[in-house]
Amino acid sequence: VGSEMCIRDRYRLNPYQLSSVGSFLVVSEEADELAEKLREYGVQAEVIGRMTDNNDKIIQNGEEIRYIDRPAPDELSRWWKERKESEE
């Protein structure tokens with residue numbers, strides 16, 4: 001939560017739209033236990049979602065709920081482009 005707050009508040013970036021290069025996603029019935037075990041081995045791990053009994057593919061960010069979009073440009077690329085344009 002700490003790093004998400006920094007990214008969202010300081011740079012106005014959506015942490016769910018950042019590049020995931022170097023990351024992997026695991027689905028597990030024991031997600032909390034798996035994340036804890038990975039952290040014990042020095043792997044940064046967080047539980048970021050839950051499976052439900054329907055086909056809705058949603059993202060919940062605080063109270064905001066929306067459907068998953070098609071892949072979009074990385075948020076840092078968007079921010080960098082906007083920064084460069086504002087300097088011109």
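The following questions and answers introduce the fold, surface and side-chain contacts of this predicted model.

Me: What pattern of helices and strands does the chain follow along the sequence?
Reply: The chain contains three helices and two strands. Read from the start of the sequence, these elements give the pattern α-α-β-β-α.

Me: How do β1 and β2 run, parallel or antiparallel?
Reply: β1 and β2 form a hairpin with two residues between them. In the turn, Gly62 has a positive phi of about 65°. Ile58 stands opposite Tyr67 in β2, and Asn61 stands opposite Glu64 in β2. Four bridges join β1 to β2, and their direction is antiparallel.

Me: Which side chains of β1 point to one face and are buried?
Reply: In a regular strand the side chains alternate between the two faces of the sheet. Along β1, Ile58 and Gln60 point to one face and are not buried. The side chains that point to the other face and are buried belong to Ile59 and Asn61.

Me: What percentage of the residues of the chain count as buried?
Reply: A residue counts as buried when its relative accessible area is under 20%. The chain exposes about 8200 Å², of which carbon and sulfur atoms supply 51%. Of its 88 residues, the share that count as buried is 10%.

Me: Which residues form a nonpolar patch on the surface?
Reply: The patch has about 520 Å² of accessible area in total. One of its members is Tyr41, which lies in the loop between α2 (31-40) and β1 (58-61). The residues of the patch are Phe24, Val26, Leu34, Tyr41 and Val43.

Me: Why does Tyr41 count as exposed?
Reply: The term exposed applies to a relative accessible area over 50%. Tyr41 counts as exposed because its relative accessible area is 66%.

Me: Is Pro73 buried or exposed?
Reply: Pro73 is placed in the loop between β2 (64-67) and α3 (75-87). A relative accessible area over 50% counts as exposed. Pro73 has 65% relative accessibility, and therefore it is exposed.

Me: What distance separates the C-alpha atoms of Pro73 and Ser19?
Reply: Pro73 and Ser19 are 54 residues apart along the chain. Across the chain, residues 24 or more positions apart account for 46% of the contacts with a separation of 6 or more. The distance between the C-alpha atoms of Pro73 and Ser19 is 8.4 Å.

Me: How many salt bridges does the count come to?
Reply: Side chains of opposite charge can pair when their charged atoms come close. The limit applied here is a side-chain nitrogen of Lys or Arg within 4 Å of a carboxyl oxygen of Asp or Glu. By this rule the number of salt bridges is six.

Me: Which residue forms a salt bridge with Lys37?
Reply: Lys37 is partly exposed, at a relative accessible area of 42%. Its partner is three residues apart from it in helix α2, so about one helical turn separates the two. The partner is exposed, with a relative accessible area of 52%. The closest N and O atoms of the pair are 3.4 Å apart, and the residue is Glu40.

Me: What is the N to O distance in the salt bridge of Arg78 and Glu82?
Reply: Arg78 and Glu82 are four residues apart in helix α3, so about one helical turn lies between them. Arg78 is partly exposed at 30% relative accessibility, and Glu82 is also partly exposed, at 41%. The N to O distance of their salt bridge is 2.9 Å.

Me: Which residue meets Glu87 in a salt bridge?
Reply: Glu87 and its partner both lie in helix α3, four residues apart, about one turn of the helix. Glu87 is exposed at 52% relative accessible area, while the partner is partly exposed at 37%. The N to O distance is 3.8 Å, and the partner is Arg83.

Me: How many aromatic pairs does the count come to, and why is the pair of Trp79 and Trp80 tilted?
Reply: The count comes to one aromatic pair. The ring centres of Trp79 and Trp80 are 6.2 Å apart and their planes stand at 50°, so the pair is tilted. Trp79 is partly exposed at 25% relative accessibility, and Trp80 is partly exposed at 43%. The number of aromatic pairs is thus one, and the plane angle behind the term tilted is 50°.

How values were computed:
Residues are numbered from 1 along each chain as its sequence is written. This is a predicted model: local features need pLDDT of at least 70, side-chain atom pairs count only at pLDDT 80 or more; totals for chains, interfaces and linings use all residues. Side-chain values use heavy atoms; hydrogens and water are left out. Patches are made of residues with over 30% relative accessible area and no salt bridge: like charges are joined within 9 Å, nonpolar side chains (Val, Leu, Ile, Met, Phe, Trp, Tyr) within 5 Å. Accessible areas come from the Shrake-Rupley method with a 1.4 Å probe; for residues, only the protein chains shown count as cover. Buried means under 20% relative accessible area, exposed over 50%, partly exposed in between (1.4 Å probe, protein chains only). Contact means heavy atoms within 4.5 Å. Rings of Phe, Tyr and Trp (its six-membered ring) pair if their centres lie within 6.5 Å; planes under 30 degrees apart count as stacked, over 60 as edge-to-face and the rest as tilted. Two strands pair if DSSP finds at least two bridges between them.
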